[in-house]
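Q: Please take a close look at the salt bridges in the model shown here. I would like to know how their partners sit in the chain and what surrounds them.

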Amino acid sequence: MKSTLLNMTAVLFGITLVASAGVGVVNMITAEPIAQAKQAATKAALTEVLPPFDGTTSEELTIDEMPITVYTATKGGAVAGYAVQTMTKQGFSGVVRLMVGFTPEGEVVNVNVLEQSETPGLGTKMADEGNPLLMSVKGQKLEEKKLVDGKLAVRKDGGDVDALTAATISSRAYVDAINRAWMAYRSVASGEAPSDVASGASQTASAGDTAAAGEASAQAAPEGKEESGTVGTNESQIQEGGHNE
């Protein structure tokens, strides 16, 4: 058959149609298993960070323009604890997501790292059992910690949270996510509207105030290179302030 613009267009259209249909079928097949796996992962994370419970209800919040989910766990009709799925965008490689558990009185039960893509052997140690970041908050009430402007901070920034060796940026990100979880827990437990962690501004502030706070936060962000995959680089130079503390 003689090749013409019309029949070439028809062939391309047919290929596109078949490919699109194939993608749609695959999506239909995998959507439910993916949702089930996600639900199972969330349930497992809740079990790891909460005292024993019968069931949970969830509440969605927005803090620093980031979605935060607070799960209120109950046992025998009474509140057993709170679990907060929190996040930060300040990780060396981007987003870090945590699940942080609190007792009704505000003591940190445990912290589970849900997502991180930090530098292997450095920032990834935030997910290790018994790491310095976790041990600085586990079993403690955060309001009793050494706070800086009302928030947790690593020792380098004036607080008393032990950072990961040679991973200051990752450590700051972990602490930032926990601060957001703490704010969300207090909001749900007390019924008060949450404030932005980065600026401390109430979420009822004007758009101009929010933008100004965001700009100030960006300008205050730590400078310098903290993690690197460069072979042969001394670990103490890989991240700013990476010396043992």
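A: Let's begin with exposure: a residue counts as buried under 20% relative accessible area, exposed over 50% and partly exposed in between, using a 1.4 Å probe and protein chains only. This is a predicted model, so local features need pLDDT of at least 70 and side-chain atom pairs pLDDT 80 or more, while totals for chains, interfaces and linings use all residues. Residues are numbered from 1 along each chain as its sequence is written, and side-chain values use heavy atoms, with hydrogens and water left out.

First, the setting. The chain has 245 residues, 37% of which count as buried. Its secondary structure comes to 5 helices and 5 strands, where helices are DSSP runs of H or I with at least four residues and strands are runs of E with at least two, numbered from the N terminus. In sequence order the pattern is α-β-β-β-β-β-α-α-α-α.

Now to the pairs themselves. The whole structure holds 7 salt bridges, each being a side-chain nitrogen of Lys or Arg within 4 Å of a carboxyl oxygen of Asp or Glu. One of them pairs Lys 75 with Asp 54, with 3.8 Å between the closest N and O atoms. This pair links distant parts of the chain, since Lys 75 belongs to strand β2 (residues 66-75) and Asp 54 to the loop between α1 and β1 (55-63), 21 residues apart. Lys 75 is partly exposed because its relative accessible area is 44%, whereas Asp 54, at 56%, counts as exposed.

Another salt bridge brings together the side chains of Arg 155 and Asp 162, at 2.5 Å from N to O. Both partners have intermediate accessibility: Arg 155 is partly exposed at 43%, and Asp 162 is partly exposed at 29%.

Elsewhere, salt bridges with shared partners join Asp 64, Asp 176 and Arg 180 into one network. Within this network, Arg 180 and Asp 64 have their closest N and O atoms 2.8 Å apart. Here too, distant parts of the chain are linked: Arg 180 is in helix α3 and Asp 64 in the loop between β1 and β2, with 116 residues separating them. Arg 180 and Asp 64 are both buried.

Helix α3 deserves a further look. Spanning residues 168-190, this helix also contains Ser 170, which is buried because its relative accessible area is 0%. The side chain of Ser 170 makes a polar contact of 2.7 Å with that of Glu 118; such a contact is a pair of N or O atoms within 3.5 Å, one able to donate a hydrogen and the other to accept it, and neighbours in sequence count only through side-chain atoms.

Back to Asp 162, the partner of Arg 155. The C-alpha of Asp 162 is 9.5 Å from that of Val 137, with their positions 25 residues apart in sequence. Val 137 is in the loop between α2 and α3, and its 1% relative accessible area makes Val 137 buried.

That loop also has some backbone detail worth your attention. Asp 149, which lies in the loop between α2 (132-135) and α3, has a positive phi of about 55° without being a glycine. Ala 166, found in the loop between α2 and α3, likewise has a positive phi, of about 65°, and is not a glycine. Their surroundings contrast: Asp 149 is exposed at 76%, but Ala 166 is buried at 1%.
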